[in-house]
Amino acid sequence: MANVTDLQTKYSKLAQEYSKLRAQNQVLKKAVVDEQASTVSLKEQLKHRDQSLRKQEQEMDSLSFRNQQLAKRVELLQEELAVSEAKSKKGKSKVDSPSQHGLETQSVFDEDLQKKIEENERLHIQFYEADEQHRRQEAELRGRLQELERDSEQHQTVVDGLTAKYIDTIERLQSDKARLEVKAQTLEREAKECRVRTEECQQQLRRCQSELNRQVKQSSSVIQEKVPFNDTKFSDYNSLNVPPHNRRHQLKARDVAGQALSFIQDLVAALLNFHSYTEQRVHIYPRDSSIEPISPLNQKFSQYLHENAAYVRPLEDSFLQLHQSITEDTVTVLETVVKLKSFADNFSSYTHFLQKILPYQLKSLEEECEAPLCTAALTAKNQELQGDMKRVTSVFEKLQSYINILALPSVRQDAMLPSSTSAVFTQLAACLHSLHDAIKEMSKHYNQKAGLEQELPTITQKLCTTSECLLGSLGSLTSSTGKIATFFSNNLDFFTSPGYSPRGGTVTLNPLQAESMLANKKKAAAYMYAIKKPRPQSVPYREALSNRRILTSSTESREGLTQQVQQSQEKIARLEQEKEHWLLEAQLGKVRLEKENQRIADLEAQLAAALGGSPNTQAAAASTLAQSHEEAEKELQKAVGKETTLCTSLVGMLCTTPTVEHVGDEDSREQLIKTHYMARVGELTTQLQISDSKAVHFHSEGNAKKNKGR
């Protein structure tokens, strides 16, 4: 059952991690999609810029072509001007009007040429500026595109890693689920078998109850008819003012004490872990004792925490003694449970220990708040933890008071009335629930504090591990206190009900009355046994002799069969040993055969290499091979003729036959024997673990069925 709980806890943790990683994966996917969208938009912008660049290039080409045309026209005009000037020089004597007309035409051409030159220069400047701007924008866009592609590759790598991790986690969870389903099916099958056995036991119980009811009716009728009791002088004697021994109450009390013992053991383990991990944390934070010395206050606090076992362990030991003192043949009431006083004293010692370490706990939290990297949120959580620790200590003080009150009747007989006992048990149940709530609140605040500490830049792996262990101990403490509170509330009616009281009276039972009641119980049991014991009948002499001969022969045959069984068992053990021996010998023979085959293969390879050479070499190789075969046969014959030797090693002794390769065989035999016994030890260990787990499961299930039947 513990393995199933651990697997369920691991499964829940893996599910939480899976949900967290899944949320991170969604965020990363969204970021990748956004980056891809921005990349697409940048590509579109680059495309538009390329289109505008091509358009401007086309315009530049058209302007260049226009410029060339204008240049050609200017050249033609200059040629015409030169021709006209030449003509004007030749015909100076002519009329002035044609020369004046030529000058006007030339001035028009010059102005037109100047305008075209200025326009061409301006267009060149615009084209150069547009080209530079386009190149700069193109370089920026290409750099941004490369950066976005690099980010996209990184995001894709992270997404691939998370996907692989999710796949591994899913496969592991599926395998755990399949294993748990197989185990659940096995447990269901065993539960069905247990239900069948329970039904059979219930049928037997009903038969026994019907038989006992019949006997009770018969005894009651006999008592009413044959045993009248009527004292006319003292009327108090008429009620037989002697409390009867309540066996059912004793069994219930022992069962309740056993359950409480298991819960107390869990509580003690959780408290030990909590104090130990708190001591480790004091040595790590806010100062690491391996780097610099901690404060004197924390040194004193660590010293007190180191002594926690001396106050916590006695709780379990004293309650174990209390559980052992409750048996079927005792009377269990507050007045007779003497061991409860010892448990109350140990609980008081632990409460004083909590009161002693409370100021140091508060000062240690204040010292953490004074650390340079402590944030306002951490300071608030430390203040909440201070309040939680004060509340837990006060609840333990209340529990101490109630337990001491319940332990008083075992010391003083007139310490408490039955009505006040019920009130004390009720207040104790409420106080246990308050303790569970306080520890649960402290665990929640500490969990939040650990989450804030993980965000600090100077946090170490050692502190993270200690915080996780401390949270685990607080979880165990919360679970154990919750179980104790629920258990006490469920059994509150049993605690408050009077198990033993005189007939017709309301006074409590004292130890002297308990001793008298137990003595009367033993006398009544002896009397009933004497009534029901059958008297021996007389047997004829001849029949007695015949019975004696039959008994003697049966005894002799039984002894003979016992001897035969022992001999058979010894023979089986010897044959098993021989079987193991010959299995090892067979494995050794297999190893030797492989080595011999390898040697023969090498010789054949040498022979084949020799056959490729000269005839003399071939003859020498053949003779060498034949000689080696003869030597091997002689050595094998000698080895067969020798006696077996006893080889001793770390794993035992083994009788073997010496061979040619004895040294190599010893190592291989040693390895084979070691492998064989290690395999056997593994199988036996597995069977033992399976048997232990089944035994624990059946024991717990049987106790549960027994409690349910009661």
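The following exercises, each with a worked solution, concern a predicted model of a single protein chain.

**Exercise 1. Overall composition**

Determine how many helices and strands the chain contains, what share of its residues is buried, and how its contacts are distributed along the sequence.

Solution. Begin with secondary structure: the chain holds 14 helices and 2 strands. Next, consider burial: of the 710 residues in the chain, 26% are buried. The accessible surface amounts to about 48,400 Å², and carbon and sulfur atoms account for 55% of that area. Finally, take the contacts between residues at least 6 apart in sequence: 80% of these join residues at least 24 apart.

**Exercise 2. The packing of α3 against α9**

Establish the relative orientation of helices α3 and α9, the handedness of their crossing, and the classes of residue in their contact.

Solution. Two packed helices are described by the angle between their axes and the distance between the axes. Helix α3 spans residues 247-284 and helix α9 spans residues 461-490. Their packing angle is about 155°, and their axes lie 8 Å apart. Since angles over 145 degrees count as roughly antiparallel, α3 is roughly antiparallel to α9. The crossing of α3 and α9 is left-handed. Sorted by class, their contact comprises 16 nonpolar, 10 polar and 4 charged residues.

**Exercise 3. The packing of α3 against α4**

Characterise the geometry of α3 and α4, then identify the residues through which these helices touch.

Solution. Helix α4 comprises residues 296-306. The axes of α3 and α4 come within 9 Å and cross at roughly 160°. Because this angle is over 145 degrees, α3 and α4 are roughly antiparallel. Their crossing is left-handed. On the α3 side, the contact involves His-275, Thr-278, Glu-279, Val-282 and His-283. On the α4 side, Asn-298, Phe-301, Ser-302, Leu-305 and His-306 take part. Classifying the residues of this contact gives 3 nonpolar, 6 polar and 1 charged.

**Exercise 4. A residue between α3 and α4**

Locate Ile-294, decide whether Ile-294 is buried or exposed, and list its contacts beyond its sequence neighbours.

Solution. Ile-294 is situated in the loop between α3 and α4. Its relative accessibility is 9%. As buried means under 20%, Ile-294 counts as buried. When neighbours within four places in sequence are set aside, Ile-294 is in contact with Val-282, His-283, Arg-287, Ser-289 and Gln-299. Val-282 stands 12 residues away along the chain, with 8.3 Å between the C-alpha atoms of Val-282 and Ile-294. Val-282 and His-283 also belong to the α3 side of the contact with α4.

**Exercise 5. The pair α6 and α7**

Describe how α6 and α7 are oriented, and give the composition of their contact.

Solution. The helices are α6, residues 339-369, and α7, residues 376-407. Their axes come within 9 Å and cross at roughly 165°. The helices α6 and α7 are therefore roughly antiparallel to each other. In handedness, α6 passes α7 in a left-handed crossing. The contact of α6 with α7 contains 17 nonpolar, 11 polar and 5 charged residues.

**Exercise 6. Residues separated in sequence**

For Leu-320, Ala-191 and Gln-24, state the helix, the degree of exposure and the C-alpha distance to a residue elsewhere in the chain.

Solution.

- Leu-320 is placed in helix α5, residues 309-325. With a relative accessible area of 32%, Leu-320 is partly exposed. Leu-320 is 62 residues from Gly-258 in sequence, and their C-alpha atoms are 8.7 Å apart.
- Ala-191 lies in helix α2, residues 96-226. Because its relative accessibility is 19%, Ala-191 counts as buried. Between Ala-191 and Phe-698, 507 residues apart along the chain, the C-alpha separation is 9.6 Å.
- Gln-24 is found in helix α1, residues 2-90. A relative accessibility of 38% makes Gln-24 partly exposed. The C-alpha atoms of Gln-24 and Leu-162 are separated by 9.1 Å, with the two residues 138 apart along the chain.

Note on methods: Residues numbered from 1 in each chain as written. Predicted model: local features only at pLDDT ≥ 70, side-chain atom pairs only at ≥ 80, totals over all residues. Heavy atoms only, no water. Helix = DSSP H or I, 4+ residues; strand = E, 2+ residues; numbered from the N terminus. Buried < 20%, exposed > 50% of the residue type's maximum accessible area, 1.4 Å probe, protein only. Contact = heavy atoms within 4.5 Å. Areas by Shrake-Rupley, 256 points an atom, 1.4 Å probe, with all protein chains shown as cover. Axes fitted to C-alpha atoms, helices over the stretch in contact; angles between N-to-C directions. Parallel < 35°, antiparallel > 145°, perpendicular 65-115°, else oblique. Left-handed = near helix turned anticlockwise from the far one by under 90°. Nonpolar A, V, L, I, M, F, W, Y, C, P; charged D, E, K, R; others polar.
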